[in-house]
Amino acid sequence: MALHRDIFWVGRQWAVTGAGIQAVDQRLRGVLDIEIARLWDDDLVQSRRAKPGVNAADFDKALTVARERFPQEPTSDPFVAQLKALGVIEASVVNQVVPAMQLRAEGRLARFLPQWRIRR
(Lines give C-alpha, C1' and ligand atoms only; values in the text may rest on other atoms or scores of the structure.)
Protein backbone atom coordinates (compact mmCIF):
# COMPACT_ATOMS: atom_id res chain seq x y z
CA MET A 1 0.00 0.00 0.00
CA ALA A 2 1.46 3.37 -0.98
CA LEU A 3 2.00 6.05 1.61
CA HIS A 4 -0.95 8.33 2.19
CA ARG A 5 -0.66 11.71 0.47
CA ASP A 6 -0.68 13.62 3.79
CA ILE A 7 2.71 12.94 5.41
CA PHE A 8 3.29 14.55 8.81
CA TRP A 9 6.53 12.88 9.93
CA VAL A 10 9.03 10.52 8.29
CA GLY A 11 11.59 8.45 10.13
CA ARG A 12 14.01 5.79 8.95
CA GLN A 13 11.47 2.96 8.94
CA TRP A 14 8.10 4.54 9.84
CA ALA A 15 6.00 7.51 8.70
CA VAL A 16 3.03 9.26 10.28
CA THR A 17 0.50 9.99 7.56
CA GLY A 18 -3.16 10.81 7.17
CA ALA A 19 -3.89 7.09 7.41
CA GLY A 20 -2.00 6.55 10.68
CA ILE A 21 1.43 4.93 11.06
CA GLN A 22 2.78 3.40 7.87
CA ALA A 23 5.98 1.53 7.10
CA VAL A 24 8.20 3.47 4.72
CA ASP A 25 9.28 0.24 3.00
CA GLN A 26 6.60 -0.32 0.38
CA ARG A 27 7.59 -3.95 -0.16
CA LEU A 28 5.67 -4.80 3.03
CA ARG A 29 2.44 -3.75 1.28
CA GLY A 30 0.86 -2.25 4.37
CA VAL A 31 1.07 -5.38 6.53
CA LEU A 32 2.50 -3.51 9.53
CA ASP A 33 0.51 -0.28 9.13
CA ILE A 34 -1.67 0.97 11.98
CA GLU A 35 -4.83 2.92 11.17
CA ILE A 36 -5.77 6.09 13.06
CA ALA A 37 -8.67 4.40 14.81
CA ARG A 38 -6.35 1.70 16.21
CA LEU A 39 -3.48 3.91 17.41
CA TRP A 40 -4.63 3.52 21.00
CA ASP A 41 -5.00 -0.27 20.85
CA ASP A 42 -2.05 -1.32 23.02
CA ASP A 43 -2.24 -5.00 22.03
CA LEU A 44 -1.90 -4.13 18.33
CA VAL A 45 0.92 -1.67 19.01
CA GLN A 46 2.86 -4.23 21.07
CA SER A 47 2.38 -6.91 18.40
CA ARG A 48 3.75 -4.56 15.72
CA ARG A 49 6.70 -3.56 17.91
CA ALA A 50 7.55 -7.24 18.58
CA LYS A 51 7.87 -8.10 14.88
CA PRO A 52 11.40 -9.01 13.77
CA GLY A 53 13.25 -6.23 11.98
CA VAL A 54 11.28 -3.38 13.55
CA ASN A 55 13.39 -0.41 14.65
CA ALA A 56 11.90 0.08 18.12
CA ALA A 57 13.23 3.63 18.65
CA ASP A 58 11.84 4.82 15.32
CA PHE A 59 8.54 3.04 15.95
CA ASP A 60 8.21 4.66 19.39
CA LYS A 61 8.88 8.11 17.93
CA ALA A 62 6.29 7.51 15.19
CA LEU A 63 3.78 6.33 17.78
CA THR A 64 4.38 9.43 19.93
CA VAL A 65 3.98 11.79 16.96
CA ALA A 66 0.87 9.97 15.75
CA ARG A 67 -0.80 10.00 19.16
CA GLU A 68 -0.11 13.73 19.49
CA ARG A 69 -1.45 14.35 16.01
CA PHE A 70 -4.54 12.16 16.41
CA PRO A 71 -5.69 12.29 20.06
CA GLN A 72 -7.96 9.60 21.40
CA GLU A 73 -11.62 10.55 21.35
CA PRO A 74 -14.46 8.55 22.87
CA THR A 75 -16.24 7.50 19.70
CA SER A 76 -17.66 4.17 18.70
CA ASP A 77 -17.26 4.55 14.93
CA PRO A 78 -13.65 4.33 13.65
CA PHE A 79 -14.65 5.86 10.31
CA VAL A 80 -15.94 9.02 12.01
CA ALA A 81 -12.79 9.14 14.15
CA GLN A 82 -10.61 9.04 11.05
CA LEU A 83 -12.63 11.78 9.35
CA LYS A 84 -12.34 13.98 12.45
CA ALA A 85 -8.60 13.35 12.62
CA LEU A 86 -8.15 14.36 8.99
CA GLY A 87 -10.20 17.51 9.56
CA VAL A 88 -12.95 16.57 7.12
CA ILE A 89 -15.66 17.05 9.73
CA GLU A 90 -15.35 19.60 12.49
CA ALA A 91 -18.67 19.36 14.33
CA SER A 92 -19.85 16.25 16.07
CA VAL A 93 -21.93 13.99 13.88
CA VAL A 94 -25.55 13.68 14.90
CA ASN A 95 -27.22 10.49 13.77
CA GLN A 96 -30.13 11.78 11.77
CA VAL A 97 -32.70 9.28 10.61
CA VAL A 98 -33.60 9.78 6.99
CA PRO A 99 -37.35 9.49 6.48
CA ALA A 100 -38.47 6.65 4.29
CA MET A 101 -39.28 7.55 0.72
CA GLN A 102 -42.98 7.80 0.16
CA LEU A 103 -44.51 7.04 -3.18
CA ARG A 104 -47.64 8.99 -3.91
CA ALA A 105 -48.81 7.13 -6.97
CA GLU A 106 -51.50 4.98 -5.42
CA GLY A 107 -54.81 5.32 -7.22
CA ARG A 108 -53.43 7.44 -10.08
CA LEU A 109 -52.76 6.58 -13.64
CA ALA A 110 -49.08 6.50 -14.48
CA ARG A 111 -49.42 8.55 -17.66
CA PHE A 112 -50.72 11.53 -15.65
CA LEU A 113 -47.88 11.57 -13.10
CA PRO A 114 -45.12 14.14 -13.59
CA GLN A 115 -42.00 12.76 -15.25
CA TRP A 116 -38.45 13.49 -14.25
CA ARG A 117 -35.25 13.08 -16.19
CA ILE A 118 -31.58 13.33 -15.45
CA ARG A 119 -29.86 15.74 -17.79
CA ARG A 120 -26.26 15.21 -18.75
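Among contacts in this chain between residues at least 6 apart in sequence, 39% join residues at least 24 apart. The structure is a predicted model, and the sections below walk through how its parts meet.

## The overall plan

Let's start with the parts list. The chain contains three helices and four strands, and reading along the sequence gives the pattern β-β-β-β-α-α-α. The chain has 120 residues, of which 24% count as buried. Its accessible surface comes to about 9,600 Å², and carbon and sulfur atoms account for 53% of that area.

## The sheet

The four strands make an open sheet in the order 1-2-3-4, with antiparallel pairing. Strand 1 and strand 4 stand at the edges with a single partner strand each, so one side of each has no neighbour in the sheet.

It helps to follow the sheet strand by strand. Strand 1 and strand 2 pair in the antiparallel sense over three bridges, and the two form a hairpin with three residues between them. In this pairing, Ile7 stands opposite Thr17 of strand 2. Thr17 also looks the other way across the sheet, where its bridge partner in strand 3 is Gly20.

Strand 2 covers residues 14-17 and strand 3 covers residues 20-23; they pair in the antiparallel sense over four bridges. A hairpin connects strand 2 to strand 3 by way of two residues. Strand 3 then pairs with strand 4, which spans residues 34-35, again in the antiparallel sense but over two bridges. Here Ile21 is found opposite Ile34 of strand 4.

## Aromatic pairs

A search of the whole structure turns up two aromatic pairs. Their geometry is set out here.

| Pair | Centre to centre | Angle between planes | Type |
|---|---|---|---|
| Phe8 and Phe70 | 6.0 Å | 70° | edge-to-face |
| Trp14 and Phe59 | 5.1 Å | 70° | edge-to-face |

Why do the rings of Phe8 and Phe70 count as edge-to-face? Their planes stand at 70°, and an angle over 60 degrees puts a pair in that class.

Where do the partners sit? Phe8 lies in strand 1 (residues 7-10), while Phe70 lies in the loop between helix 2 (56-69) and helix 3 (78-86), so this pair ties together parts that are 62 residues apart in sequence. The two rings have unlike surroundings: Phe8 is partly exposed at 34% relative accessibility, whereas Phe70 is buried with a relative accessible area of 2%.

Trp14 in strand 2 and Phe59 in helix 2 also link distant parts of the chain, being 45 residues apart. Both Trp14 and Phe59 are buried.

Phe8 has a further companion worth a look on your screen. Arg69 lies over the face of the Phe8 ring, at 3.7 Å from the ring centre.

## Helix 1 and its buried face

Which residues of helix 1 are buried? In this helix, residues 42-49, the buried ones are Leu44, Val45 and Arg48. Seen down the helix axis, these buried residues fall within an arc of 100°, so they line one face of helix 1. As background, an α-helix has 3.6 residues a turn, so residues three or four places apart point the same way.

What does this face meet? The buried residues of helix 1 pack against strand 4 and helix 2.

Leu44 makes a handy example to zoom in on. Leu44 belongs to helix 1 and is buried, with a relative accessible area of 9%. Setting aside neighbours within four places in sequence, Leu44 is in contact with Ile34 and Arg38. Between Leu44 and Ile34 there are 8.2 Å in space, C-alpha to C-alpha, and the two are 10 residues apart in sequence. Ile34 thus appears in two places in this account: opposite Ile21 in the sheet, and in contact with Leu44.

## Pulling it together

If you would like a short route through the model, begin with the open sheet of four antiparallel strands in the order 1-2-3-4. From strand 1, look at Phe8 and its aromatic partner Phe70, then at Arg69 over the face of Phe8. From strand 2, move to Trp14 and across to Phe59 in helix 2. Finish at helix 1, whose buried residues pack against strand 4 and helix 2.

Methods. Residues are numbered from 1 along each chain as its sequence is written. This is a predicted model: local features need pLDDT of at least 70, side-chain atom pairs count only at pLDDT 80 or more; totals for chains, interfaces and linings use all residues. Side-chain values use heavy atoms; hydrogens and water are left out. Two strands pair if DSSP finds at least two bridges between them. Rings of Phe, Tyr and Trp (its six-membered ring) pair if their centres lie within 6.5 Å; planes under 30 degrees apart count as stacked, over 60 as edge-to-face and the rest as tilted. Buried means under 20% relative accessible area, exposed over 50%, partly exposed in between (1.4 Å probe, protein chains only). A charge sits over a ring if NZ of Lys or CZ of Arg is within 6 Å of the ring centre and within 35 degrees of the ring normal. Contact means heavy atoms within 4.5 Å. Accessible areas come from the Shrake-Rupley method with a 1.4 Å probe; for residues, only the protein chains shown count as cover. The arc is that of the directions from the helix axis to the C-beta atoms.
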